[in-house]
Amino acid sequence: MRHLISPLDLSLEEMDYILTLGQKIMEEPEKYAHVCDGKKLATLFYEPSTRTRLSFEAAMLNMGGKVLGFSSADSSSAAKGESVADTIRVISSYADICAMRHPKEGAPTVASMYSEIPVINAGDGGHNHPTQTLTDLITIKTLMGRLDNLTIGMCGDLKFGRTVHSLINAMVRYTRVRFVLISPKELQIPEYLRKEVLDAGKIDYIETNELEKYMPDLDILYMTRVQRERFFNEEDYIRLKDSFILDASKMQYAKEKMYVLHPLPRVNEISTEVDKDPRAVYFLQAKYGVYVRMALILSLLGLDEKKIFKDSV
Ligand code: NCD
């Protein structure tokens, strides 16, 4: 049985398989309308979410499956003190696969140790968010036609942003990928990523607080929200929250073929005037997230193309 806790749980070949399957589903979604008939997905969300939870649910519903779950810790037995281990033991007999979001780093790993069904990490604290990474990768692959030979700017809260951590971990496996890490000093990437991933892998990267200066070099600009809920005090958040605001004047410095991604939700970091720029693809990215989650669910359930279409081939 497979789980997805970190993007590195998938080999490069498995990752490419899921992205390619996601693209096939995108082209012919109706072909997959019944591939999960009779299957159930549980969404166990101990932290707020709009896109991740609903895109998981849409993914399962699109394939004929059913969904059950909760969308806040308050509405589950966690509020009574139940452990994640006990919850997952029970959910294992209610569903075939589950997606879990939790404010504590490592909670989905604990769940996977007690689970009898595949566990997908839908975001654990400031740590990882592998299905957002799959969403980011399918967007880049579809729009740029490749995942190698790219200069990727990441801007905003690189310290607490779990989507940033997972995306860096996944992208360093492709060749000639260069990072421009744009943040205030206090919100730079965690030390373990710098040392164990970037330095150890001899990856080309720079850390800076200048967005305009590096804008002309970028193929992708990955904007992120300052993660208010992970700050220890509100004053620091208020001081740092508007460090970078992408607006139309800054977009003038970008290449014609440069795409702006954002995992969403956006607060102030991208001015709404940028939305009409054809290079702003964050809403399209959210849409692609459904297709790639469909592909992931199929893979983790062991439903490969041969198996699901055995009657028609
Ligand atoms: C992200 C998350 O939850 O980490 N959102 C998402 O899943 N699309 C990013 C964020 O909350 O800023």
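1. A good place to start is Thr163, which is buried, with a relative accessible area of 9%. Please keep in mind as you look around that this is a predicted model. Thr163 sits in helix α6, which covers residues 162-171.

2. What does the side chain of Thr163 make a polar contact with? The partner is the side chain of Tyr222, at 3.4 Å. Tyr222 also appears among the residues that Thr163 touches once those up to four places away in sequence are not counted. The others in that set are His129, Gln132, Thr133, Thr224 and Pro263.

3. Now step back to the whole protein. It is divided into domain 1, made of 7-128 + 289-308, and domain 2, made of 130-286. The C-alpha centres of the two domains lie 25 Å apart. Domain 1 gives 33 residues to the contact, and domain 2 gives 25 residues.

4. How much area do domain 1 and domain 2 bury between them? The value is about 2,400 Å², with 58% of it on carbon and sulfur atoms. For a newcomer, it may help to know that the size of an interface is often given as the accessible area lost when the parts come together.

5. The polar side of this interface is worth a look too. Two salt bridges are counted between domain 1 and domain 2. If you would like a salt bridge to find in the model, try the side chains of Arg162 and Glu47, which meet at 3.1 Å, N to O. Across the interface of domain 1 and domain 2, 14 residue pairs are found in polar contact, both residues being at pLDDT 80 or more.

6. Which elements give two or more residues to the side of domain 1 that touches domain 2? They are the helices α1 (12-27), α2 (51-62) and α11 (282-300), together with the strands β3 (97-102) and β4 (119-124). The largest share comes from α1, with nine residues. Sorted by class, this side of domain 1 has 14 nonpolar, 13 polar and six charged residues.

7. Finally, a stop at Ser92, in the loop between α3 (84-91) and β3. Is Ser92 buried or exposed? Ser92 is buried, and its relative accessible area is 10%; this counts as buried because the cut-off is under 20%. Its side chain reaches the backbone oxygen of Ile88 at 2.9 Å. Leaving aside neighbours within four places in sequence, Ser92 is in contact with Ser115, Glu116 and Ile117.

Technical notes. Residues are numbered from 1 along each chain as its sequence is written. This is a predicted model: local features need pLDDT of at least 70, side-chain atom pairs count only at pLDDT 80 or more; totals for chains, interfaces and linings use all residues. Side-chain values use heavy atoms; hydrogens and water are left out. Domain bounds come from an automatic or database domain assignment. Contact means heavy atoms within 4.5 Å. Buried area is the accessible area (1.4 Å probe) that two parts lose on being put together, summed over both. A salt bridge is a side-chain nitrogen of Lys or Arg within 4 Å of a carboxyl oxygen of Asp or Glu. A polar contact is a pair of N or O atoms within 3.5 Å; within protein, one must be able to donate a hydrogen and the other to accept it, and residues adjacent in sequence count only if both atoms are side-chain atoms. Helices (H or I, at least four residues) and strands (E, at least two) are DSSP runs, numbered from the N terminus. Ala, Val, Leu, Ile, Met, Phe, Trp, Tyr, Cys and Pro count as nonpolar, Asp, Glu, Lys and Arg as charged, and the others, Gly among them, as polar. Buried means under 20% relative accessible area, exposed over 50%, partly exposed in between (1.4 Å probe, protein chains only).
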